[in-house]
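Q: Please take a close look at one part of this model, namely any empty space enclosed within it. Which residues surround such space, and how does the rest of the chain relate to it?

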Amino acid sequence: MTSSPRDMSRAEPEPAPGEAPASESVREGGSVGAARVRGAPGEEPPECAVAQATRNAVSWITLDRPHTLNALTWAQRERLVALLADASADPGVRAVVLTGRGRGFCSGADLRSGSGGGTGGGAGDGAGHGAGSGERVTGDVARTLERGAQRLIAAVLDCEKPVLAAVNGTAAGLGCHLALACDLVLAAEEASFVEVFVRRGLVPDGGGAYLLAGLVGPRRAKELMFFGDALPAAEAERLGLVNRVVPAAALEQTAREWAERLAAGPTRALALTKRLVDAAQHADRSAAFSAEAWAQEINMTTRDAREGVAAFVERRDPAFEGR
């Protein structure tokens with residue numbers, strides 16, 4: 001993104017989107033939980049492979065393993081989960097951007113890494129069907145999935161701040177579901193979305209059926225998952241999986257503009273709106289109306305709600321604080 005999406009030859013990584021030069025004030029990776037995550041011996045530190053910088057109340061999280069198309073190891077997945085939890089809890093963060101560097105957004109779990117599979121280590125693309133140790137017993141796969149791929153997707157869905165995916169390249173397997181779990185999706189023209197599971201004889205994981213069927217309906221979801229064909233960004237936009245497709249050179253700037261608009265909004269109202277929209281996919285009318293009423297009740301206790309009403313009455317622009 002700061003470099004060309006096709007540039008994989010740099011010896012030194014470019015600054016992640018949203019990172020400032022050293023002279024600017026940027027809070028780096030400030031997660032106690034994320035800081036404790038350590039990778040396997042010989043594996044690059046997760047804080048390098050999953051970079052984070054906060055600027056203008058936006059947490060930019062960049063997957064930075066371009067030589068693997070940003071496949072996730074166990075440690076990197078754990079850091080990503082921790083960073084999303086930190087963003088949820090930090091009042092100084094009011095929006096999140098998730099993106100990648102190089103030709104890939106995220107190609108799923110790193111099944112070639114010893115830490116990418118096994119009980120508790122599988123991040124996706126097959127519920128941890130990578131390298132494992134010892135005999136597998138009934139329940140191991142389900143536990144691996146729950147603690148791995150599903151936990152990662154839940155971290156995005158449950159984040160109390162709007163999460164924007166800036167999809168710079170290939171989003172495959174769990175990487176596809178990671179993008180689809182975000183609240184808004186921007187995609188570079190070169191980006192593609194691939195349900196690769198069928199190619200490996202696997203059932204989709206990481207909440208894929210839940211996410212895809214909710215977005216495009218069961219028939220389209222089955223077509224994409226049954227055949228596993230790459231879906232170009234333009235077609236993904238037509239189907240409603242992507243909000244907007246932009247030239248690669250404009251992706252970072254567009255993501256910045258959208259994220260900073262979100263960060264300037266009424267943060268608690270956005271969190272409640274996110275929850276209502278997500279819940280409405282599977283709720284009956286009575287439950288949806290009840291959830292809406294309680295969301296209104298909760299939101300009217302916030303400063304931003306009072307400020308919004310006051311600004312309307314006083315005929316001025318509101319100054320939201322995110323509280």
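A: A cavity is a set of grid points where a 1.4 Å probe fits but cannot get out, and a residue belongs to its lining if it has an atom within 4 Å of one of those points. Rolling a probe the size of a water molecule over the atoms shows where empty space is left. The model examined here is predicted. Its count comes to 2 cavities of 30 Å³ or more.

The second largest cavity holds about 30 Å³ of space. Its lining consists of A49, V50, L63, D64, R65, N70, A71, L72 and Q76. By class, these residues are 5 nonpolar, 2 polar and 2 charged.

One member of this lining, R65, deserves a closer description. R65 is placed in the loop between β3 (58–63) and α3 (74–89). Is R65 buried or exposed? Because its relative accessibility is 6%, below the 20% cut-off, R65 counts as buried. Its side chain reaches the backbone oxygen of A71 at 2.7 Å, and A71 also belongs to the lining of the second largest cavity. Apart from neighbours within four places in sequence, R65 is in contact with E44, A49, N70, A71, T73, Q76 and D110. Among these partners, A49, N70, A71 and Q76 line the second largest cavity together with R65.

The largest cavity holds about 50 Å³. Its lining is formed by C176, F193, V194, E195, L224, D229, L231 and L241, which divide into 6 nonpolar, no polar and 2 charged residues. Two of these residues, F193 and L231, lead to a sheet. Strand β9 (residues 192–194) pairs with β10 in the antiparallel sense over 2 bridges, and F193 stands opposite L231 in β10. The two strands belong to an open sheet of 4 strands in the order β5-β7-β9-β10, with mixed pairing. At the edges stand β5 (104–106) and β10 (231–232); each has a single partner strand, so one side of each is left without a neighbour in the sheet.

Pockets, unlike cavities, are open sets of points. The largest pocket has a volume of about 500 Å³. Of the 24 residues that line this pocket, C182, D183, L184, V277 and D278 are the closest to its centre. Three elements, β8 (184–188), α7 (208–216) and α11 (267–280), each supply at least two residues of the lining. The largest share comes from α11, with 6 residues. By class, the pocket lining divides into 16 nonpolar, 4 polar and 4 charged residues.

A wider view sets these spaces in the chain, which has 13 helices and 11 strands. Of its 323 residues, 50% count as buried. One of the strands, β6 (residues 163–167), contains A166, which counts as buried because its relative accessibility is 0%. The C-alpha atoms of A166 and A188 are separated by 7.8 Å, although the two residues are 22 residues apart along the chain. Among contacts in the chain with a separation of 6 or more, 69% are between residues 24 or more positions apart.

Technical notes: Residues numbered from 1 in each chain as written. Predicted model: local features only at pLDDT ≥ 70, side-chain atom pairs only at ≥ 80, totals over all residues. Heavy atoms only, no water. 1 Å grid on protein atoms, 1.4 Å probe; cavity = no way out; pocket = protein on both sides within 12 Å on 5 of 7 lines; lining within 4 Å. Points joined across faces, edges and corners; volume = space filled by probe spheres on them. Nonpolar A, V, L, I, M, F, W, Y, C, P; charged D, E, K, R; others polar. Buried < 20%, exposed > 50% of the residue type's maximum accessible area, 1.4 Å probe, protein only. Polar contact = N/O pair within 3.5 Å; in protein donor to acceptor, adjacent residues only side chain to side chain. Contact = heavy atoms within 4.5 Å. Pairing = 2+ DSSP bridges.
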